[in-house]
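I opened this model to look up a few local and global features, and I keep the entries below in the order in which I went through them.

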Amino acid sequence: MAVSSKNPSNLPHPTPKTGLKQKAGDLLGPLVLLGPAGLWLLLLLVLPTLVIFELSLVENIRPGDVVIPDGIANYLRVFDPINLQVIGRSLFYALGTTVFCLILGFPVAYWIAINAPSRWRNLLLLGFVLPLWTSSLLRTYAWITILRPTGVLNSFLGFLGLPALELLNRTPAVLIGMAYSYLPYIVTVLYAALEKLDRRLLEASADLGAKPTETFWKVTVPQSRAGIAAGSLLVFISALGDFVDPELLGGASSMTVSRLIYNQFLGATQNWGFGSALSMVLIMGVSIAIALLLKYGDGRPSK
Amino acid sequence: MIRAVLTRRQFLQTTLATAAASTLSSCGWTLAEVKTTPNTRVDSDTLYIYTWTGYTDRDLLDRFTQETGLKVVADVFDSNESMLARLQAGGAGAYSIIYPSDYMVQKMADLGFLRELDHSLIVGLEDMFPMFQNPVYDPANRYSVPISWGTTGLIYNSRLLKDVPQDWEYLWEHQREISKRFTLLNDVREVMGATLRMLGYSYNSTDPQHIRQAYEKLASLQPAIASFTTDAWRPQIIVGDLLIAMCYSADAAEIMPENEDLRYITPKSGSSLWTDTLVIPKSAPNPEGAYQWMNFMLQPEIAAQVVERLSFATPSQLAFRKLPKSLRDDPTLFPPESVIERSESLAPISAAVSEIYDRYWTKLTSA
């Protein structure tokens, strides 16, 4: 939280600077600034999460049943091999997407931040974020049109005399679609990190005889580590919750943990208890990832 | 389940439950209790309806406004279950008309969500085909008015397929040729039901042995299935990338004009017969408007226009007679008697059986 209570003159509302009033102002400042968001988080994040937690402790609860927490049976069910397989697939999709996004996004962010003329940077970045203005569902359907057997990609390959690719309804299609969906996020985050890169260090490294690859791995990467970690995590978490891309592009074996949760709440079984337990496991997984980021991905590059 | 093994686990369960009970003092509340008193805070000049995609269009809504002076707002759902979940989560209080399918009418009536209909206020119920006069899911139409019906079957490209499919069995027999070139519906009951039916059991089987057999049969087909989808097959079958898709007859009728090679069949061993209906929830803020909508939709001219424009089959005999011959003889819209005899309607199943279906479904879609 970037609010400094020692510095009331920076706050956006008039605060008297004397005695008791100042103390009240010191309290009022954070309250006014954080209050609305805090209330928002409390009512729409903390309380619902607690309700989900409570439901997760009632075995097989369905709408209309009375909520009396009775144990962790729902959690034990998460470890059923079938469900573990589904969770495993979600993790695989999310990790694969993160790796793809990093490989594709880093050069782009690097080029925009370091090499592109500075007056073009914002425009280039905007151009990259522009696809986000259309519906994600629409973009996924567009990928179906591109990847299907006689689609845009295979027509093009045929034109070049190359054999057709069977991508749709298989894992590669999911990774392509998801990497495309989340690329703008990672590029924006990486750009923010790379823009602050101290270029004198790059020059010094070159002057001292380091090869470009050495400079990249020993100077650029360590300096942008925080951005890489934050961007990857952002992609990983979003990808973990995605079920539209896997379902539309992944074919018959594309059950993900988010779709499994969806099925528990909006499907025929209506097992809100098990759905809540799955949700809690997902929330815990994401929280652990964030905790790791806070611990190891801090802004200071290791020397 | 891995229960009944460890005393330590039981201890853990008890401890956790106690901890949860003491921290969350709100326990004992009823999950998703549905309001069954009329919602009076909603504007009475407007009729809110909750329907499927493709069941209304601008012309239809405008015509209703012309006739009654009521403004209509139509929201759509994509599955009976998500509609029910929204209702149970309290998000459907504004609706005076909902369009559930047969088995869902029964479920909603059992849950006490539906208003009993006053038949003296409805004109045209007696003109329904006999099979809709006293449906199994809602005897004597106490809670619902049928509005559209059809079958579940296979749409296929007759130019690209060598043999003509006649039954669900076709998918297994020609697995190699059509591998990754066909889709099934993204619906547990329809897919498992069709397989059960093919094996000689009922669509509504609750016998775990039968359900397991159906799962095993489907598992042997799984590697060849392109995907489970209720909508995404449409553009792909039009361009010829898909050879076959399992679909609802109404959807087939809608897209068949776009490619003359497309045909629809109702499988020989039987199909599911679905009926979509109009119901009035107990929470309806505008029941008078709801009856007006029912009567409007039951007018033969309106019903006939809807068949032509939105291509779904009407259960009204009077409307049927108003249709041009080409539509009346269209087997996709109005399947012959022999097909109807072999078909079944999906019936609600208990939560326990539903768990069995769901478990196999998770297994099938994550293999």
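Before anything else I fixed the burial term: a residue is buried if 20 or more other C-beta atoms lie within 10 Å of its own, exposed if 12 or fewer, and partly exposed in between, with C-beta atoms placed from the backbone. The model is predicted, so I noted that local features need pLDDT of at least 70, that side-chain atom pairs count only at pLDDT 80 or more, and that totals for chains, interfaces and linings use all residues. Residues are numbered from 1 along each chain as its sequence is written, while chains are lettered from A and ligands numbered from 1 in the order in which they are written.

**Entry 1, the annotated site.** I looked up the "binding site" feature, which UniProt, in an unreviewed entry, places at Tyr103(B), Asp187(B), Val188(B), Arg189(B) and Glu190(B). These residues span 88 residues in sequence, yet no two of their C-alpha atoms are more than 14.0 Å apart, so they gather at one spot. I kept in mind that UniProt positions are given in the numbering used here, that feature names are shortened, and that annotations may be inferred rather than shown by experiment.

I then took two of the site residues in turn. Val188(B) lies in helix α6 of chain B, residues 188-198 (helices are DSSP runs of H or I with at least four residues, strands are runs of E with at least two, and both are numbered from the N terminus). Val188(B) counts as buried because it has 22 C-beta neighbours inside 10 Å. Taking contact to mean that two C-beta atoms, placed from the backbone, lie within 7 Å, and leaving aside neighbours within four places in sequence, I found Val188(B) in contact with Ala268(A), Tyr357(B), Asp358(B) and Trp361(B).

Arg189(B) also has its place in helix α6 of chain B, and its 22 C-beta neighbours inside 10 Å are why it counts as buried. With the neighbours within four places in sequence left aside, Arg189(B) is in contact with Ala268(A) and Leu346(B).

**Entry 2, the chain interface.** I looked up how chain B meets chain A, and 42 residues of chain B are in contact with 39 residues of chain A. On the chain B side, α1 (7-23), α3 (80-88), α6, β6 (227-228) and α15 (351-365) each supply at least two residues, and the largest share, 8 residues, comes from α15(B).

**Entry 3, helix α3(B).** Is this helix enclosed or open? I found 7 of the 9 residues of α3(B) buried, so the helix is largely enclosed by the rest of the structure. The buried residues include Met83(B), Leu84(B) and Leu87(B), and what covers the buried residues of α3(B) includes α12 (257-266) of chain A together with β1, β2, β3 (97-98) and α4 (102-110) of chain B. After α3(B) comes Gly90(B), whose phi is positive, near 85°.

**Entry 4, a strand pair.** Strands β1 (residues 46-52) and β2 (residues 71-77) of chain B run parallel and are joined by 7 bridges, where pairing requires that DSSP finds at least two bridges between the strands. Within this pair, Ile49(B) has Ala74(B) in β2(B) as its bridge partner.

**Entry 5, the domains.** Chain B is divided into domain 1 (46-149 + 274-337) and domain 2 (151-272 + 347-365), with bounds that come from an automatic or database domain assignment. The centres of the two domains, taken over C-alpha atoms, are separated by 26 Å.
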